[in-house]
Amino acid sequence: MKNDHIPTFKENVDAFVLKASKALKLSDDLIDHIRTTHSVLQVNVGIKIKNKIENFTGWRAVHSEHRLPSKGGIRYSADVNQDETEALAALMTYKCAVVDIPFGGSKGSLKIDPKKYSEQELKSITHIYAEKLIKKGFLSPAINVPAPDVGTGEREMVWIMDAYKNLFPNDINYLACVTGKPIAYGGIRGRAQATGRGVEESIREYLRHEQLYKRTKLNPNLSKNTIVIQGFGKVGKSLAEELFTRDHAKIIAIGEYNGYLYNEKGIDIALLLKHFDKTKNFKNFKGAKFIEKPADVLTIACDILIPAAMESVINRANVNEIKTKLIVEAANGPVTYNADEILHKKGIDVLPDIYVNSGGVVVSYFEWVKNITHVRFGRLQRRYEENKMNELIQVIEDATGRSIPEKYKNNVIHGAQEIDLVNSGLEDVMRETFKEILKNMKNLKKVSLRTAAYAIALNKLKQYHKDMGVSNAH
Ligand code: NAD
């Protein structure tokens, strides 16, 4: 890319795609076709609030519908624009292809600062936005299925589902029109934690491979590495919690939009969660120092740096200040193309977004399958499994004349519930995909983890276009 031009988010994503396509020697016309957004809908949500008409611009971009439904979150932020929405939609296509989830890629956004509006106002705004997408064919269980992203959550997903159900009460699959719903409205256990847990699984997997952790000089024991996280929203919070409780990780700093917390001995995440849930702020937390320089969190010396907030935060301007060994892209697009090139040359590994944060869409897929099959995972077989294991234990005890201690018995007997199956499926995807990435790295020689991940996606998309063809001019 030229030196004087600051690339847009979509241009950055395209640059990563082009780099991988060169490594694979794909033809220019095919790659142009693959990377181009299929369709974009722009809507205006006009609504009277406190006796004044307000207008909010929204988009829903469909990057690819080679598999249906197309899948991707909805973002509420004052900073969104069409380019960003298209970039995020494209990332969804590549992400689903990398982790082998049978969805196309899409993304939606609404230009609004949700903090400025009441719950009732947001509900009405969301209803209008959703109705517009539904009526134009950009939202349905079969064609296009949103999920939460920045500024939206379970609450908005229920409102969207409600809007769809009101318009199509005869659709038996109405629950599947959106994922990331609360359990009571067809959600699935583990979805709220899925993205964070997937990020954690990606780090665990990296540290299982000697050739990687030796090269970057990380300690294979996760708890022995210092970690910095930017962002304490849905992804950052659940990630910090998983790392703290399951890996005893030493998280020395966490950033938010107004500053960051620092404690060189490690932050007690359980205490921080209690404080943050009560105050919605890092200020006055006793367990760490609060420094009101939000951007500086990225340049703290650490072993693993995890941007989990926004795109393009590691860029040409600050890349040379980064003092870490591994960057784990929990956010979408946090490292720009130019910064990525520099990091690669410096030997700092970057675990790419299209793999790292895929846990959200993986478990969204499980939720969608649950919704269209109308049965909870584990419901049919759990008791059957438990009874069989009970019988087996009885046989062993009778044959040996010894009884098995209760603590082992309970673990062995426990039949798989929904949460067990979801977490097992997620772990499997993260581990198997990592192996694929490493295989591609080896085959393509000297490419980064990111290029290897894109290569998986592009090979699948290439195969699809070969099988299905692209329309010929007549
Ligand atoms: P969120 O809105 O729940 O949280 C984002 C957090 O980042 C907020 O707490 C916000 O205050 C903070 N933030 C904003 N600007 C910041 C800044 N300059 N410095 C530090 N913190 C800042 O959003 P989320 O769902 O956690 O998404 C975070 C990132 O992860 C986004 O890039 C999103 O696209 C990506 N992602 C989310 C999911 C998901 O399941 N939610 C899945 C895949 C990827």
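How many disulfides does a search of the whole structure find? The search finds 0 disulfides. The model is predicted. A ligand sits among 23 surrounding residues, and the protein buries 84% of the area that the ligand exposes when taken alone. The points below cover the ligand site, the cysteines, two glutamates, an alanine in helix α16 and some backbone features.

**Ligand site**

- The shell around the ligand has 23 residues, and the closest are D149, T195, K234, E256 and N332.
- By class, the shell splits into 10 nonpolar, 8 polar and 5 charged residues.
- Three elements each give at least two residues to this shell: helix α6 (191-206), helix α8 (234-247) and strand β8 (250-256).
- The side chain of K234 places an N or O atom 2.8 Å from an oxygen atom of the ligand.
- V235 uses its backbone: a polar atom there is 2.9 Å from a ligand oxygen.
- Y257 also approaches through the backbone, with an N or O atom 3.3 Å from a nitrogen atom of the ligand.
- Taken alone, the ligand exposes 820 Å², and the protein buries 84% of that.

**Cysteines**

- A disulfide is a covalent bond between the sulfur atoms of two cysteines.
- Why is C96 not bonded to C177? The two sulfurs are 17 Å apart, which is too far for a bond.
- For C96, the sulfur of C177 is the closest cysteine sulfur.
- The reverse also holds: the cysteine sulfur nearest to C177 is that of C96, and C177 is in no disulfide.
- Is C96 buried or exposed? C96 counts as buried because its relative accessibility is 0%, under the 20% cut-off.
- C177 is buried as well, with a relative accessible area of 0%.

**E121**

- E121 belongs to helix α4, which spans residues 119-135.
- E121 counts as buried because its relative accessibility is 14%, under the 20% limit.
- Its side chain makes a polar contact of 2.9 Å with the side chain of K50.
- The E121 side chain also reaches the backbone nitrogen of S118, at 2.9 Å.
- Leaving aside neighbours within four places in sequence, E121 is in contact with I49 and K50.

**E329**

- Where does E329 lie? E329 is in the loop between strand β12 (326-328) and helix α10 (337-346).
- E329 has 0% relative accessibility, so this residue counts as buried.
- Which side chain joins that of E329 in a polar contact of 2.8 Å? The partner is R450.
- A polar atom of the E329 side chain lies 3.4 Å from the backbone nitrogen of V335.
- Once neighbours within four places in sequence are set aside, E329 touches several residues, among them P307, P334, V350, L351, D353 and N357.
- V335 and R450, named above for their polar atoms, are also on that contact list.

**A452 in helix α16**

- A452 is found in helix α16.
- A452 counts as buried because its relative accessibility is 0%.
- A452 and A23 are 429 residues apart in sequence, and their C-alpha atoms are 9.1 Å apart in space.
- Leaving aside neighbours within four places in sequence, A452 is in contact with I437, N440, M441 and V447.

**Backbone features**

- A cis peptide bond joins L68 and P69, with omega at about 0°.
- P69 is in the loop between strands β2 (52-64) and β3 (70-71).
- N284 has a positive phi, near 70°, although this residue is not glycine.
- N284 is found in the loop between helix α9 (269-279) and strand β10 (289-291).
- N284 is exposed because its relative accessible area is 66%, over the 50% cut-off.
- K446 has a positive phi too, near 65°, and K446 is likewise a residue other than glycine.
- The loop that holds K446 runs between helices α15 (418-444) and α16 (449-468).
- K446 is exposed, with a relative accessible area of 81%.

Notes: Residues are numbered from 1 along each chain as its sequence is written. This is a predicted model: local features need pLDDT of at least 70, side-chain atom pairs count only at pLDDT 80 or more; totals for chains, interfaces and linings use all residues. Side-chain values use heavy atoms; hydrogens and water are left out. A residue is near a molecule or strand if one of its heavy atoms lies within 4 Å of it. A polar contact is a pair of N or O atoms within 3.5 Å; within protein, one must be able to donate a hydrogen and the other to accept it, and residues adjacent in sequence count only if both atoms are side-chain atoms. Accessible areas come from the Shrake-Rupley method with a 1.4 Å probe; for residues, only the protein chains shown count as cover. Helices (H or I, at least four residues) and strands (E, at least two) are DSSP runs, numbered from the N terminus. Ala, Val, Leu, Ile, Met, Phe, Trp, Tyr, Cys and Pro count as nonpolar, Asp, Glu, Lys and Arg as charged, and the others, Gly among them, as polar. Buried means under 20% relative accessible area, exposed over 50%, partly exposed in between (1.4 Å probe, protein chains only). Contact means heavy atoms within 4.5 Å. A disulfide is a pair of cysteine sulfur atoms within 2.5 Å.
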